[in-house]
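Grab a pencil and have a look at the chain below. Each exercise comes with a worked solution, so try it yourself before reading on.

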Amino acid sequence: MRDTILESLEEQAQLHEQEAKRLRKHARERRKNLKKRREFDKLINSIEHDVDPIAFSEANGLNLDTVLAWHKKAVQKRDAVALERRNREIRRLANSGMTNKELGFRFRLHPNSVGRILNRAQRELTPRKLPIVPYWKYRLGLED
């Protein structure tokens, strides 16, 4: 009886050792992949909007389509930053008292476009109203 218990325990210990070995191997592979991913992300973030995608792909041994997609993202990020800066300047000048017409002339925009920028900024600053409880929830007594 004790021999069978010992054999069973030894079998379980071997299974646990095999599982631990498998998990250590998996952890090594995961660390290696994460390291590669960090290097890849570093390379991706090094792409600027003014870089030549073809030369960059050849220099780093990357697929041209991948580099073109990254380059497009870099350009979009640059444009979004520039647009946010412009909108922030419009809001600042509007708070100082300039009219939409004056702002439009200054930034080469239509006065209605300036108004939309200012309205969007105002909407973002005002808190949202709580949603109205649907009628069926009210009728069933489920409203909070």
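Before you start: helices (H or I, at least four residues) and strands (E, at least two) are DSSP runs, numbered from the N terminus. This is a predicted model, where local features need pLDDT of at least 70, side-chain atom pairs count only at pLDDT 80 or more, and totals for chains, interfaces and linings use all residues. Residues are numbered from 1 along each chain as its sequence is written, and side-chain values use heavy atoms, with hydrogens and water left out.

**Exercise 1.** Find the helix that holds Glu39, and decide how exposed Glu39 is.

*Solution.* Step one: Glu39 sits in helix H1, which covers residues 2-45. Step two: recall the cut-offs, where buried means under 20% relative accessible area, exposed over 50%, and partly exposed in between (1.4 Å probe, protein chains only). Step three: Glu39 has a relative accessibility of 48%, so Glu39 counts as partly exposed. As an extra, check a distance: the C-alpha atoms of Glu39 and Arg91 are 40 Å apart, with the two positions 52 residues apart in sequence.

**Exercise 2.** Place Ser57 and Val67 in their helices, then work out whether each is buried or exposed.

*Solution.* Start with the helices: Ser57 belongs to H2 (residues 53-60), while Val67 belongs to H3. Next, accessibility: Ser57 is at 6%, so Ser57 is buried. Val67 is at 0%, so Val67 is buried too. Now for contacts, meaning heavy atoms within 4.5 Å. Skipping residues up to four places away in sequence, Ser57 touches Leu62, Asn63, Leu64 and Val67. With its own neighbours within four places set aside, Val67 meets Ile47, Pro53, Phe56, Ser57 and Leu62. Finally, the C-alpha atoms of Val67 and Ser57 are 6.2 Å apart, though the two residues are ten apart in sequence.

**Exercise 3.** Describe how H3 and H5 are arranged and which residues bring them into contact.

*Solution.* First, the axes, which are lines fitted to C-alpha atoms, for helices over the stretch in contact, with angles running from 0 to 180 degrees between N-to-C directions. The axes of H3 (residues 64-95) and H5 (residues 111-125) come within 10 Å and cross at roughly 90°. Second, name the arrangement: angles under 35 degrees count as roughly parallel, over 145 as roughly antiparallel, 65 to 115 as roughly perpendicular and the rest as oblique. H3 and H5 are therefore roughly perpendicular. Third, list the partners: from H3 come Arg86, Asn87, Ile90, Arg91 and Ala94, and from H5 come Val114, Ile117, Leu118 and Ala121. Fourth, sort them: six are nonpolar, one is polar and two are charged. For that sorting, Ala, Val, Leu, Ile, Met, Phe, Trp, Tyr, Cys and Pro count as nonpolar, Asp, Glu, Lys and Arg as charged, and the others, Gly among them, as polar. Ala94 deserves a second look: beyond four places in sequence, Ala94 is in contact with Leu103 and Leu118.

**Exercise 4.** Where is Arg108, and is Arg108 buried or exposed?

*Solution.* Step one: Arg108 is in the loop between helix H4 (100-107) and H5. Step two: the relative accessible area of Arg108 is 81%, so Arg108 is exposed. Step three: look at the backbone, where Arg108 has a positive phi of about 55° although it is not a glycine.
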